Amino acid sequence: MHYVYILYSETGRRRYVGMTADAEQRLAMHNAGKVRSTKAYRPWRRIWLEEFQTVEEARKRELFLKTGNGRYGLCHKGLNHFLPQRGNSFITTNECNQIRP
């Protein structure tokens with residue numbers, strides 16, 4: 001199995017999208033500071049996890065979630081409060097409805 005996950009840092013108010021074959025171990029690595037791109041914003045918590053049969057499917061989904069349309073999809077799954085718009089302000093439900101489909 002391969003997983004695509006989204007992490008959220010309360011301290012840095014940031015979101016991170018990644019993929020792995022072991023979701024629990026990867027979260028532990030993020031929180032242990034072993035991932036350079038997330039080290040400064042610890043601790044992290046997982047807010048989304050999807051499972052895929054192949055690494056190709058997982059990679060495709062990961063790349064999609066990093067696009068504007070992917071963020072739009074997350075917005076409409078009720079995760080808008082984890083999506084910083086500019087600076088430290090977050091996308092409101094009303095703004096979420098105004099994002100392009």
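In this predicted model, E62 has a relative accessible area of 6% and is therefore buried, the limit for that class being under 20%. The residue is found in helix α2. Its carboxylate-bearing neighbourhood is not described further here, but one partner of the E62 side chain can be named: the side chain of R59, with which E62 makes a polar contact of 2.6 Å.Helix α2 spans residues 55-65, and its buried residues are A58, E62 and L65. The three cover an arc of only 65° around the helix axis, so they lie on the same side of α2. An α-helix has 3.6 residues a turn, so residues three or four places apart point the same way. The face of α2 turned away from this buried side carries E56 and K60, both of which are exposed.

The protein as a whole has four helices and five strands. Read from the N terminus, the order of these elements is β-β-α-β-α-α-β-β-α. Of the 101 residues in the protein, 35% are buried.

A second buried glutamate, E50, lies in strand β3. Its relative accessibility is 14%, so E50 counts as buried under the 20% limit. The side chain of E50 takes part in two of the polar contacts described here. One joins E50 to the side chain of W48 at 2.8 Å, and another joins E50 to the side chain of R61 at 2.7 Å.

Beyond strand β3, Q53 lies in the loop between β3 and α2. Q53 is exposed because its relative accessible area, 56%, is over 50%. Q53 and H2 are 51 residues apart in sequence, while their C-alpha atoms are 6.2 Å apart in space.

Aromatic contacts were examined next. A search of the whole structure finds two aromatic pairs. In one of them, the ring centres of Y5 and Y16 are 6.3 Å apart and the ring planes stand at 35°, so this pair is tilted. Y5 belongs to strand β1 (residues 2-9) and Y16 to strand β2 (residues 14-20), so the pair ties together parts that are 11 residues apart in sequence. Y5 has a relative accessibility of 3% and so counts as buried.

The other pair is formed by Y16 and W44 and is edge-to-face, with 6.4 Å from centre to centre and 65° between the planes. This pair links distant parts of the chain, since Y16 is in strand β2 whereas W44 is in the loop between α1 (23-31) and β3 (45-52), 28 residues apart. W44 has a relative accessible area of 6% and is therefore buried. Taken together, the ring pairs link Y5, Y16 and W44 into a cluster.

Empty space inside the structure was also searched for. Rolling a probe the size of a water molecule over the atoms shows where empty space is left. The structure holds one cavity of 30 Å³ or more, and the volume of the largest cavity is about 30 Å³. The residues that line the largest cavity are Y5, L7, A23, R26, L27, H30 and R46. The elements that give two or more residues to this lining are β1 and α1. Helix α1 gives the most, with four residues. Sorted by class, the lining has four nonpolar residues, one polar residue and two charged residues.

Two residues of this lining, Y5 and L27, can be followed further. Y5 is also a member of the aromatic cluster with Y16 and W44. L27 is found in helix α1, and its relative accessible area of 17% places L27 among the buried residues because the limit is 20%. Between L27 and Y5 there are 9.3 Å in space, C-alpha to C-alpha, and the two are 22 residues apart in sequence.

Note on methods. Residues are numbered from 1 along each chain as its sequence is written. This is a predicted model: local features need pLDDT of at least 70, side-chain atom pairs count only at pLDDT 80 or more; totals for chains, interfaces and linings use all residues. Side-chain values use heavy atoms; hydrogens and water are left out. Rings of Phe, Tyr and Trp (its six-membered ring) pair if their centres lie within 6.5 Å; planes under 30 degrees apart count as stacked, over 60 as edge-to-face and the rest as tilted. Buried means under 20% relative accessible area, exposed over 50%, partly exposed in between (1.4 Å probe, protein chains only). The arc is that of the directions from the helix axis to the C-beta atoms. On a 1 Å grid over the protein atoms alone, a cavity is a set of points where a 1.4 Å probe fits but cannot get out, and a pocket is an open set with protein on both sides within 12 Å along at least five of seven lines; lining residues have an atom within 4 Å of a point. Grid points are joined across faces, edges and corners, and a volume is the space filled by probe spheres set on the points. Ala, Val, Leu, Ile, Met, Phe, Trp, Tyr, Cys and Pro count as nonpolar, Asp, Glu, Lys and Arg as charged, and the others, Gly among them, as polar. A polar contact is a pair of N or O atoms within 3.5 Å; within protein, one must be able to donate a hydrogen and the other to accept it, and residues adjacent in sequence count only if both atoms are side-chain atoms.
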